[in-house]
Every structure is written in structure tokens, then in C-alpha cells.
Amino acid sequence: MIFMLIMCLIMFIISTIFIFISFIISKKSLSDREKCSPFECGFDPKSIARIPFSLHFFLIAMIFLIFDVEIALIFPLIFTFKMVNMINWWKINLFFILMLLIGLYHEWNQNMLNWSN
């Protein structure tokens, strides 16, 4: 019984030492090079966070999300190719792709795809 108590105490001390060692080793400096560099969007991390930014970053992100979700919606259509009526399958696919092409044309017509605005 005493042997088990001593072993538990030793294991507790060893694990506590390992926790403190890992805490000391994993300390990161506050002036890390990555933290002082601007973000991908061009913001300076040390400046005021409430400054206005270009809306173009937001538009590009929205366009990416729309066309990224498009792949997730088209992918199941491939698996339903042999399970449904061919005429209905073609109608659904053509309608879906036509809507995506109209959206792409609208974005292109509004110059949302040009980065140099």
C-alpha cells in the first residue's frame, strides 16, 4: 500500500516537472517576426483595427466561396447520372451550369474579377 502511494507521488512529481519544462520550452517571444509582419490582406498588426479596408478583398472572398460551393453541388450530380431519367438529369445540369455562367458573366461585367480597381 505504501509502495503504491510512493509510486503515485513520484509519477505526479515527474508529470509536474514535464509540464513545467514544456511550458518553459514553448514560450514564444512577443516580438516574433511573423507577428510583426503584415497579414496577407495588407493590414499592419500593430495598427488600429478599425481602419477602413478595400472592399475588393471581401468580393474576391465571396466569389471564391460561391464557386467553391459550386463544386460541392455539382459533385453529387455525377453519381446520380445512371440513377435518374436522362432528360431530367440534363435539364437540371444545364439549368445549374447556366445559372453559374450567368453569375460569372455578371461578375465579369461588373469588373469584380479585375484586381487592378
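W108 is exposed in this predicted model, because its relative accessibility of 56% is above the 50% cut-off. The ring of W108 has a partner in Y105, and the two form an edge-to-face aromatic pair, with 6.2 Å from centre to centre and 70° between the planes. Both residues belong to helix α4, where they sit 3 residues apart, about one turn of the helix.

Helix α3 holds a pair of its own, made of F75 and F79. Their rings also meet edge-to-face, at 5.0 Å centre to centre and with 85° between the planes. F75 and F79 are 4 residues apart in α3, so about one helical turn separates them. Is each of these two residues exposed or partly exposed? F75 has 48% relative accessibility and therefore counts as partly exposed, while F79, with a relative accessible area of 52%, is exposed.

Here are the two pairs side by side:

| Aromatic pair | Centre to centre | Angle between planes |
|---|---|---|
| F75 and F79 | 5.0 Å | 85° |
| Y105 and W108 | 6.2 Å | 70° |

The count of aromatic pairs comes to 4. Ring pairs also link F81, W89 and W90 into a cluster.

Now for the helices themselves. Two packed helices are described by the distance between their axes and by the angle between those axes. For α3 (residues 55-79) and α4 (residues 86-109), the axes come within 12 Å and cross at roughly 170°. That angle is over 145°, which means that α3 runs roughly antiparallel to α4.

Which residues make the contact between α3 and α4? From α3 come I63, I66, F67, E70, L73, I74 and L77, and they meet W89, I92, N93, F96, L100, L104 and E107 of α4. Sorted by type, the residues of this contact are 11 nonpolar, 1 polar and 2 charged. W89 thus appears twice in this account: α4 brings W89 to the contact with α3, and ring pairs tie W89 to the cluster with F81 and W90.

The database record adds another layer. UniProt, in an unreviewed entry, places the feature "transmembrane region" at residues 6-25, 55-81 and 87-105. How much of the span 55-81 is helix in the model? The share is 93%, with 0% strand, and the end C-alpha atoms of that span lie 40 Å apart. Residues 87-105 are 100% helix and 0% strand, with 26 Å between the end C-alpha atoms.

Notes. Residues are numbered from 1 along each chain as its sequence is written. This is a predicted model: local features need pLDDT of at least 70, side-chain atom pairs count only at pLDDT 80 or more; totals for chains, interfaces and linings use all residues. Side-chain values use heavy atoms; hydrogens and water are left out. UniProt positions are given in the numbering used here, feature names are shortened, and annotations may be inferred rather than shown by experiment. Helices (H or I, at least four residues) and strands (E, at least two) are DSSP runs, numbered from the N terminus. Axes are lines fitted to C-alpha atoms, for helices over the stretch in contact, and angles run from 0 to 180 degrees between N-to-C directions. Angles under 35 degrees count as roughly parallel, over 145 as roughly antiparallel, 65 to 115 as roughly perpendicular and the rest as oblique. Contact means heavy atoms within 4.5 Å. Ala, Val, Leu, Ile, Met, Phe, Trp, Tyr, Cys and Pro count as nonpolar, Asp, Glu, Lys and Arg as charged, and the others, Gly among them, as polar. Rings of Phe, Tyr and Trp (its six-membered ring) pair if their centres lie within 6.5 Å; planes under 30 degrees apart count as stacked, over 60 as edge-to-face and the rest as tilted. Buried means under 20% relative accessible area, exposed over 50%, partly exposed in between (1.4 Å probe, protein chains only).
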